[in-house]
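New to this one? Take a look at the model below, and then we'll walk through its overall build and a few of its charged pairs.

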Amino acid sequence: MGMTTPPRTLAEALRARDDESLAVLLRARPDLLAPVPGDITQLATRAGTRASVVRALEHLDRFSLQTAEALAVAPDPAPYETLLGLLTGDGRDDGEHRGEADTAIVDALPAALATLREQALVWGEDDRLRLVRTARELLAPSPQHPSPTGLGPTVAEATAGMSPGRLQEILAAAGLPATHDPVSAVTSLSALFTDRAGMGELLDTAPAEALSVLDRLVWGPPYGEVTPNPTPPVKWLRDHGLLLPVSTRTVVLPREAALHLRAGRAHRVPEPRPPAVEAVAVRDPQAVDSAAAGQAFLAVTTVEELLKSWDGGGPAILRAGGLSVRDLKKTATALDVPEPVAAFWVELAYAAGLLASDGEADERYAPTPAYDDWTELPAQERWVLLATAWLAATRTAGLVGGQDAKGRALSALGPDLDRSAAPEVRHRILALLAALEPGTAPDPETVLARLRWERPLRGASASAGDTTDLRSRIALWTLNESELLGITGRGALAAPTRALLGPGPAEAAALLAPLIPEPLDHVLLQADLTAVAPGPLERPLADMLSALADVESKGGATVYRFTPGSVRRALDTGRSAADLHAFLATHSRTPVPQPLSYLIDDVARRHGHLRIGAASSYVRCDDEAVLNEILADKRSATLRLRRLAPTALAAQVDPASLLDGLREMGYAPAAESAEGDVLITRAGTRRTPPRTAPTPVPEGPPVPDATLLGAAVRAIRAGDTAATVARKDPADAPDAPAGSLPRTAPAETLATVQAAAMTGSALWIGYVNADGAASQRVIAPVRVEGGFVTAYDHTADEVRTYPLHRITGVAELADDQTV
């Protein structure tokens with residue numbers, strides 16, 4: 001679809017595009033599809049709205065954005081040569097490497113301009129390039145919003161309120177002839193500032209101090225404050241029009257003068273090429289994969305340890321949502337990690353759908369049913385699930401401990417942790433690492449520099465050390481979290497992660513499986529009441545050992561310590577002393593030490609000697625001396641015990657608190673039911689109802705797929721056909737405003753539709769649906785009966801049936817019009 005004349009508007013430029021080009025626009029700016037525009041004119045209008053333009057500008061790379069900024073300070077329209085001159089300069093700046101930089105700009109400019117055209121930010125042929133009006137308003141210099149170029153207003157803009165007499169004084173001081181009106185005076189002054197020879201002669205007469213003032217203003221900001229009695233250099237610049245007054249105390253360097261001083265360049269440092277991601281070290285790929293696999297296995301075991309500690313019900317949920325600072329500290333202590341790392345593991349488990357609120361009145365966190373399914377998977381598949389959840393999650397653990405916009409603390413698992421840019425930043429960083437040779441660890445600063453070039457923040461600092469913006473902070477958190485999760489090893493991307501980003505999860509799991517050690521079925525018991533697990537343990541062994549002993553240290557080997565409390569915990573699960581002896585004898589490669597056997601027998605002999613039930617609660621024991629000892633102990637005062645009978649005490653606390661209190665005093669009580677039977681406590685008794693993983697918060701509308709794009713383009717084309725189709729108007733019909741629906745009497749509507757059905761011709765109709773929405777359509781009637789017309793709708797590209805009473809009017813198409 002071509003045009004013989006240059007487009008006069010953005011709508012005409014979009015109308016001249018082919019379907020593939022429109023699809024590219026809609027894919028790059030998916031907000032234009034919400035909802036689908038009715039025609040090309042609506043698409044152009046929506047593409048020029050402020051919110052849509054801002055979103056499009058924020059997704060440009062640095063050089064494309066610099067190209068748009070240069071067009072914003074260029075004449076409207078501007079030829080390609082003018083734009084190129086603003087980026088390369090006029091050749092008077094022969095600085096070091098200037099020629100090489102200009103060559104890079106010449107090579108990169110066509111691609112940058114093509115990107116701006118694709119996204120409907122620039123339209124027009126190369127000899128008349130136009131930046132859309134909203135983008136020009138956003139990027140052009142103004143006192144309220146300085147331009148990233150550092151340029152000020154033009155001479156015409158700066159002198160808009162200046163008196164004619166003052167303009168003539170400036171012309172005289174600059175050595176220019178007087179004019180008869182302000183317009184010609186402004187034109188004459190602008191011509192002087194854009195004339196290389198004339199400006200050179202004027203600046204040759206300037207005092208040295210005046211040139212120093214210009215040097216401070218030339219690269220921006222172009223505004224400066226002056227006193228009522230300015231210094232001689234400033235007065236000279238003001239008298240010669242090189243500084244123009246904005247207010248009584250503010251002057252500005254005109255754009256034309258600044259461009260001359262800059263040798264015609266709009267930007268101090270154009271960046272046509274993305275900065276390279278440099279390597280800080282090159283390591284053996286096998287060593288990288290081994291380190292990453294070890295960390296991946298540690299990540300899986302850490303998440304499992306976290307959720308196992310919350311098996312019986314985790315911490316309470318704050319009223320505002322999330323985990324309290326105290327509970328986060330307890331979790332960090334239990335996992336033996338710093339608090340920020342603990343917050344990461346908690347958020348990762350939540351993002352993977354393994355952790356959620358239990359929904360009870362006394363709301364607490366607990367593992368979900370999905371956690372039980374997850375623990376049954378092989379270690380490599382469990383890691384793949386965690387890594388996939390991390391890549392897609394918008395919740396950002398690095399924000400925990402900070403404050404929101406209202407100064408409120410951000411807590412782990414709490415609200416306001418979603419940042420929609422997080423998944424895109426993570427994927428982009430991993431893509432940059434994947435582009436390096438295997439085993440290459442990148443310099444984090446060059447990674448940040450590359451991200452800033454790809455998504456610059458308009459008006460923000462571009463310095464290499466600027467990490468205050470959100471994207472840079474997310475990038476740093478991503479690099480740290482990648483190491484924790486085993487995405488990278490020793491700073492380089494691991495092979496399983498490359499497979500996860502490419503072929504898929506199955507291939508990633510297959511590559512990771514050989515690198516993870518096989519689980520063991522034995523431990524090494526030692527005489528100091530410890531057991532050493534020289535590697536990962538099989539699940540039944542690990543579950544039983546975690547109940548029978550406490551983890552003392554972790555690393556290449558895990559050390560467990562047996563204590564009276566841990567043995568009592570195992571007995572609480574319903575096992576007997578004989579069961580524990582048999583378990584240790586079966587799974588130990590060394591003989592069971594005698595002290596450990598004595599410890600088990602001693603705790604078992606005392607276990608259940610005291611029985612606790614609900615009165616509020618009571619203590620029952622056949623040995624009166626034990627109860628007397630408890631009553632005499634000062635530590636029992638908080639339990640508020642009193643004797644009910646020689647062998648029974650009543651307490652004013654609940655059974656759980658009474659159990660904990662007596663255990664702290666050194667006893668081994670057992671809970672009992674109403675029938676007097678010992679209650680057995682087993683792990684995993686508390687689970688949430690089925691929960692789905694939290695849904696990531698998208699960054700704007702989702703990118704449409706090919707099916708949606710094709711349907712949208714067809715609908716826009718059809719709507720545009722209906723809106724722009726030529727039609728016959730009755731000779732006596734009054735002129736209707738553009739875009740209005742046709743109006744005809746019901747009898748005329750019926751007769752025209754019936755005639756069209758017989759001749760097979762097309763009609764232009766106005767139609768109002770059941771919701772009251774009006775639209776224009778081009779139809780080819782096929783059948784008219786029962787108050788309905790069945791027709792092929794060219795607008796919708798399908799056969800439809802319309803009630804005649806909802807058709808506002810009809811008109812025949814022009815004789816030379818085809819559909």
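A residue counts as buried when its relative accessible area is under 20%, as exposed when that area is over 50%, and as partly exposed in between. By that yardstick Glu304 is buried, since its relative accessible area is 9%. We'll come back to Glu304 shortly. Keep in mind that this is a predicted model.

**The big picture**

Let's start with the chain as a whole. It has 33 helices and 25 strands. Its radius of gyration is 39 Å, well over the 28 Å that the globule rule gives for 819 residues, so the chain is more spread out than a compact globule. Along the principal axes, the C-alpha atoms fill a box of roughly 120 × 90 × 55 Å.

How much of the chain is buried? Buried residues make up 47% of the 819 residues. As for the outside, the chain exposes about 39,300 Å², and carbon and sulfur atoms supply 54% of that. If you look at contacts between residues at least 6 apart in sequence, 65% of them join residues at least 24 apart.

**Charges and salt bridges**

On the charge side, there are 79 positive and 103 negative side chains, and the centres of the two sets lie 4 Å apart. A search of the whole structure turns up 32 salt bridges. Here are some of them:

| Salt bridge | Closest N to O distance |
|---|---|
| Arg382 and Glu304 | 2.9 Å |
| Arg539 and Glu304 | 2.4 Å |
| Arg428 and Glu454 | 2.6 Å |

Back to Glu304, then. Arg382 and Glu304 meet in a salt bridge. Arg382 sits in helix H20 (residues 379–392) and Glu304 in helix H16 (residues 285–309), so this pair ties together parts that are 78 residues apart in sequence. Both of these residues, Arg382 and Glu304, are buried.

Glu304 also pairs with Arg539. Arg539 belongs to helix H26 (residues 539–548) and Glu304 to helix H16, so here the parts tied together are 235 residues apart in sequence. Arg539 counts as partly exposed, at 24% relative accessibility.

What about the pair Arg428 and Glu454? Their salt bridge has its closest N and O atoms 2.6 Å apart. Arg428 is in helix H21 (residues 422–434) and Glu454 in helix H22 (residues 444–454), so the two tie together parts 26 residues apart in sequence. Arg428 is partly exposed at 26% relative accessibility, while Glu454 is buried, with a relative accessible area of 15%.

Which residues share partners? Salt bridges with partners in common join Glu304, Lys308, Arg382, Arg539 and Asp543 into one network.

Notes. Residues are numbered from 1 along each chain as its sequence is written. This is a predicted model: local features need pLDDT of at least 70, side-chain atom pairs count only at pLDDT 80 or more; totals for chains, interfaces and linings use all residues. Side-chain values use heavy atoms; hydrogens and water are left out. Helices (H or I, at least four residues) and strands (E, at least two) are DSSP runs, numbered from the N terminus. The radius of gyration is taken over C-alpha atoms; the globule rule is 2.2 Å times the number of residues to the power 0.38. Buried means under 20% relative accessible area, exposed over 50%, partly exposed in between (1.4 Å probe, protein chains only). Contact means heavy atoms within 4.5 Å. Accessible areas come from the Shrake-Rupley method with a 1.4 Å probe; for residues, only the protein chains shown count as cover. Lys and Arg count as positive and Asp and Glu as negative; His and the chain ends are not counted. The place of a charge is taken as NZ of Lys, CZ of Arg, CG of Asp or CD of Glu. A salt bridge is a side-chain nitrogen of Lys or Arg within 4 Å of a carboxyl oxygen of Asp or Glu.
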